[in-house]
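Please open the structure in a viewer and keep the selection tool at hand. The stops below are taken in order.

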Protein chains: 2
Amino acid sequence: MKRIDWNQLDEPTRAAVLQRPVQAVSNTVRAGVQAVFEAVAERGDDALRDFTARFDGVALEDFEVGADEFARAADAVPADVQAAIAEAAARIEAFHRAGIASPYAVETAPGLTCQRVQRPIRRVGLYVPAGSAPLPSTALMLCVPARLAGCAEVVLCTPPRADGSADPAVLLAARQAPGVRVFKLGGAQAIAAMALGTASVPRCDKLFGPGNAWVDEAKRQAAQRPGGIAIDMPAGPSEVLVIADSGANAAFVAADLLSQAEHGPDSQVLLLTDSDLLLEAVAAEVEAQLTTLPRAAIARRALESSRLVRVRDIEQAIAISNAYAPEHLILAVREPRAWLDRIDSAGSIFLGDWTPEALGDYCSGSNHVLPTGGAARAWSGLSVASFQKAITVQEASRTGIANAGPCAAILAHAEGLQAHARAVELRLEQAA
Amino acid sequence: MKRIDWNQLDEPTRAAVLQRPVQAVSNTVRAGVQAVFEAVAERGDDALRDFTARFDGVALEDFEVGADEFARAADAVPADVQAAIAEAAARIEAFHRAGIASPYAVETAPGLTCQRVQRPIRRVGLYVPAGSAPLPSTALMLCVPARLAGCAEVVLCTPPRADGSADPAVLLAARQAPGVRVFKLGGAQAIAAMALGTASVPRCDKLFGPGNAWVDEAKRQAAQRPGGIAIDMPAGPSEVLVIADSGANAAFVAADLLSQAEHGPDSQVLLLTDSDLLLEAVAAEVEAQLTTLPRAAIARRALESSRLVRVRDIEQAIAISNAYAPEHLILAVREPRAWLDRIDSAGSIFLGDWTPEALGDYCSGSNHVLPTGGAARAWSGLSVASFQKAITVQEASRTGIANAGPCAAILAHAEGLQAHARAVELRLEQAA
């Protein structure tokens, strides 16, 4: 891994170190996704069958997982994995439930009440990738909050396996949203189906979940269409930034860096430390652990664009992290909580030596669908609120309009909007 | 206005009635906005000067409003308007403050705590249009929640007037965000400046505010760029749906329809009523009120695509409204609160005869930046949360990892992510 001494660098070089590999969407992907949308719009399920045959190598007549396949899934998943899915779901539910927004009301003038209420988004579309491995954990992270939000219809797409079935662990996890409809569809065609609707796949109001460059581009194009639907957030390669002091455990830190690097060759991994000793110990541990890692080839490619950075002190590390706005931030320092108020941008934070990022990926209770690529400067990870919308409500009595109406009329006249003023003044005349 | 009997229509015709005028972005606008972004990226402030000369007809050397101009604004705004701005700001603050999310924490397993904390978005960019009239109310709706969120830097762009000054009422309203920096820039060039940054305009993390088709397209293009910034919501023409029963006041209803119609020729206005008498009375009132309306020409064009719809009963009206998902929904019925739980999609709701939409536009306390074009199915209006992001935090002790770690390790193995499993298992060995 490349070693860098932050305080030997000029500003342009510092900026270059924090530069993420640019995820330029190729014209091939953009045009390919457009073609998928056009085909699904024109030929519906027939187009989905063609794409599934071409990209997944499976001929499917019917995409939806039926009761039989759901029932078989329970037999196909080992008991310890079933128990782990249930345990993780319970912890995700406990944390997400506590964050559900409550309606509130304020009397903003005598006789005038304003409220804010929450409503579930009626039909949500979830994408659970399979890529190098199926991800039941992602199904949990989407289905548990969708259920808590009260979404009436939950649609989930996940790519079919070579034999035409869905991954049984994903199906078990999906059951966390009772009544979920699972379709064996992957890639841009899955997103197009949920965005446009077909004879078999319902059109959804908002799309959620991570995916590869094709899925991400398809979500963006779905959001751009006139009358388009909402998406959860822009998705990109996963990333972790670890801040470690001299007391950190080098083996733990190396394991955390590698657990991010194994996600994909475009994952990005940064270590910031004020200790030369720790930096070298982590570098050695990374090499040692790589020798026994099944996905070492992927991890080595990710490490090529990753950095071990020597900083002056933890304060400087925090400033660099805030500028970078990492998806995951691990604070492997002696008093991690003392720094928490200083962190202004990160997707999720892991405090101390005993909190690996992998815990948050699966079962600490927090959501693992998080903003990447610096989006943490303005975006939040998923929560129940992501599956709801808020509506404001106001009600004035005669007293209320008498109290607040004159202010509205003055401002309407100032803006040259006479019909606005009249809607208030007509009532003021009669309320008097 | 066109009269329609809902129960005489077949399904395709019903769908057509609820169809909004398609806001197809012309290739001219798309290419024009692209050119603006390219010019601002290449030539920075020089490009801004050129566009301002061309589109606003003003030669500006410096865009930023200085202390002198702020001071003069106070003298230029009539006292009653100043008082109304202060009164509206106080009510907006009261309502928005009560909705600020609180951090919370849950012990999801013994020794494992998960939290969610809020942080202000550091640098926000606000757009206040001037179009046919400057909109100080929009400056209030953006600046008050930005202040409550604690945003460190607030940048506001608004088009210059013919004499090169900014509208003084907008400046007074902008002062609701202390330290706000106001730039006299309009249109796509204002959005490009805040999205890209120039020598004089800071690059922002998230852009807010309504605008015309050029501004809307510029916000979309800003959000699409690699490493792009966030935007508040897709913007479109304003709209209102009124549900009225036989007891409603026809003059009030007509005034509410017209106050929406005067916004612009693409505004959309719908009345749903179970009363033929009321429907005809409203139609007559609309014509009568139009004769004395200064912006009657604009309103008449909007009314061309608007509808008076006779429905079977209020229940049917609610179902139609939920399918349409209006930006503004007025319930001019006898027991409005009895229907509130049945509304599942709307930007903001106005209950009863004495609550004109204009009250919410200015000073009920709720925000007037709301989802349009059916986006209320999945989006919320602005709130303090729009100017913040949430970060999740987790901390495990040795006990915590011992309790939750095995679940994570099992799921990591099930997903074939051995480095994830190892980051947990290394700690489990040492925690024991």
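Which residue of chain A comes closest to the rotation axis? Select Ala101(A), whose C-alpha lies 3.9 Å from that axis. The model is predicted, with local features needing pLDDT of at least 70, side-chain atom pairs counting only at pLDDT 80 or more, and totals for chains, interfaces and linings using all residues. Residues are numbered from 1 along each chain as its sequence is written, chains are lettered from A and ligands numbered from 1 in the order in which they are written, and side-chain values use heavy atoms, with hydrogens and water left out.

Next, display both chains. A turn of 180 degrees and a shift of 0.0 Å along the axis lay chain A on chain B with an RMSD of 0.0 Å (least squares on the C-alpha atoms of residues with pLDDT of at least 70 in both). The two copies are therefore related as by a two-fold rotation axis.

Now select the interface. Here 117 residues of chain A are in contact (heavy atoms within 4.5 Å) with 117 residues of chain B. Between them the chains bury about 10,400 Å², 59% of it on carbon and sulfur atoms; buried area is the accessible area (1.4 Å probe) that two parts lose on being put together, summed over both. Highlight Trp354(A), Glu415(A) and Arg427(A), which lose the most area to chain B in chain A, together 8% of what that side buries.

Finally, in chain B, select helix α15 (residues 398-414) and helix α16 (residues 418-431), whose axes are 8 Å apart (helices are DSSP runs of H or I, at least four residues). Among the α15(B) residues that meet α16(B) are Ile401(B) and Ala409(B).

Notes:
Axes fitted to C-alpha atoms, helices over the stretch in contact; angles between N-to-C directions. Helix = DSSP H or I, 4+ residues; strand = E, 2+ residues; numbered from the N terminus.
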